[in-house]
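Hi everyone, thanks for coming. Please have the sequence and the 3D view open in front of you, and turn the picture as we go along.

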Amino acid sequence: MKKRKELKRDKVAGTPAGIRESLKKATTEMLVLFLLERKPMYTYEMMQTIKLMSDGKISLTNLYIAIYRLEDFQFIRKDFEELSDENRTRIYFSITENGRLYLRRLIDEYREFTQAVDAPVQRNGIRATVCPS
């Protein structure tokens, strides 16, 4: 019997949704750091802000793996906690100075890579077409 992760991967492999999932994974840390550079936020707030800022095109349902990784590398830190109206503890995270430096490097690498991918596509006149996702 296949594991849940394998089933999801099989479902999107070979489709435009497959590249979308890969791009989301590749850019999640950059997006989290980008938001935290502006102000401390809690995880659900980050997910909603990313969705809003991308006009609904990027929906991240679980940031915890990225949050824990960024925290382990000391790129972010727990800033403070507050109790919500629903009696839930919200943990706010903020970016560290090392996180700011890492974000700059991520953005530089992202831009360099996307430009390198875009160059031959543009040169060969390949145009995007509307595909069902």
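Let me begin with a question: in which hand does H2 cross H5? Keep that one in mind for a moment while we look at the whole chain. What you have on the screen is a predicted model.

The protein has five helices and three strands. If you walk along the sequence, the pattern reads α-α-β-α-α-β-β-α. There are 133 residues in the protein, and 29% of them are buried. Now take the contacts in the protein with a separation of 6 or more: residues 24 or more positions apart account for 51% of those.

Back to our two helices. Two packed helices are described by the angle between their axes and the distance between the axes. Helix H2 covers residues 16-38, and helix H5 covers residues 97-123. Their axes are 10 Å apart, and the packing angle is about 130°. H2 and H5 are therefore oblique to each other. And here is the reply to my opening question: the crossing of H2 past H5 is left-handed.

Who makes that contact? On the H2 side, find Thr27, Glu29, Met30, Leu33, Phe34 and Glu37. On the H5 side, the residues are Gly99, Arg100, Tyr102, Leu103, Arg104, Leu106, Ile107 and Tyr110. Sorted by class, this contact between H2 and H5 has eight nonpolar residues, four charged ones and two polar ones.

While we are on H2, please click on Lys24, which sits in this helix. Is Lys24 buried or exposed? Its relative accessible area is 18%, and the cut-off for buried is under 20%, so Lys24 counts as buried. Set aside the neighbours within four places in sequence, and Lys24 is in contact with Ile58, Ser59 and Leu60.

Next, the sheet. Strands of a sheet pair through backbone hydrogen bonds, either parallel or antiparallel. Here we have an open sheet of three strands, in the order E1-E3-E2, and the pairing is antiparallel. E1 and E2 stand at the edges with a single partner strand each, so each of them has one side without a neighbour in the sheet.

Let's take the pairs in turn. Strand E1, residues 41-42, pairs with E3 over two bridges, in the antiparallel sense. Met41 has Phe93 of E3 as its bridge partner. How many bridges join E2 to E3? There are seven, and these strands run antiparallel. You can follow the ladder yourself: Glu81 stands opposite Ile91 in E3, and Leu83 stands opposite Thr89 in E3.

E2 and E3 also form a hairpin, with five residues between them. Zoom in on that turn and look for Asn87, in the loop between E2 and E3. Its phi is near 65°, which is a positive value in a residue other than glycine. At 58% relative accessibility, Asn87 counts as exposed, the cut-off for exposed being over 50%.

Arg88 lies in this loop too, between strand E2 (76-83) and strand E3 (89-95). With 60% relative accessibility, Arg88 counts as exposed. Leaving out its neighbours within four places in sequence, Arg88 is in contact with Glu82 and Leu83. You have met Leu83 already, as the residue opposite Thr89.

My last stop is helix H3 and what comes after it. Which residues of H3 are buried? They are Thr43, Glu45, Met46, Met47 and Ile50. What covers these buried residues includes H2, E1, H4 and E3, so try switching those elements on and off around H3.

H3 is followed by Asp55, with a positive phi near 55°. Asp55 is found in the loop between helix H3 (43-53) and helix H4 (64-72). Is Asp55 buried or exposed? At 64% relative accessibility, Asp55 counts as exposed.

To recap, we looked at an oblique pair of helices, H2 and H5, with a left-handed crossing. We then followed the open sheet in the order E1-E3-E2, and ended on H3 with its buried residues. Thanks for listening, and do keep turning the model while we chat!

Methods: Residues numbered from 1 in each chain as written. Predicted model: local features only at pLDDT ≥ 70, side-chain atom pairs only at ≥ 80, totals over all residues. Heavy atoms only, no water. Axes fitted to C-alpha atoms, helices over the stretch in contact; angles between N-to-C directions. Helix = DSSP H or I, 4+ residues; strand = E, 2+ residues; numbered from the N terminus. Parallel < 35°, antiparallel > 145°, perpendicular 65-115°, else oblique. Left-handed = near helix turned anticlockwise from the far one by under 90°. Contact = heavy atoms within 4.5 Å. Nonpolar A, V, L, I, M, F, W, Y, C, P; charged D, E, K, R; others polar. Buried < 20%, exposed > 50% of the residue type's maximum accessible area, 1.4 Å probe, protein only. Pairing = 2+ DSSP bridges.
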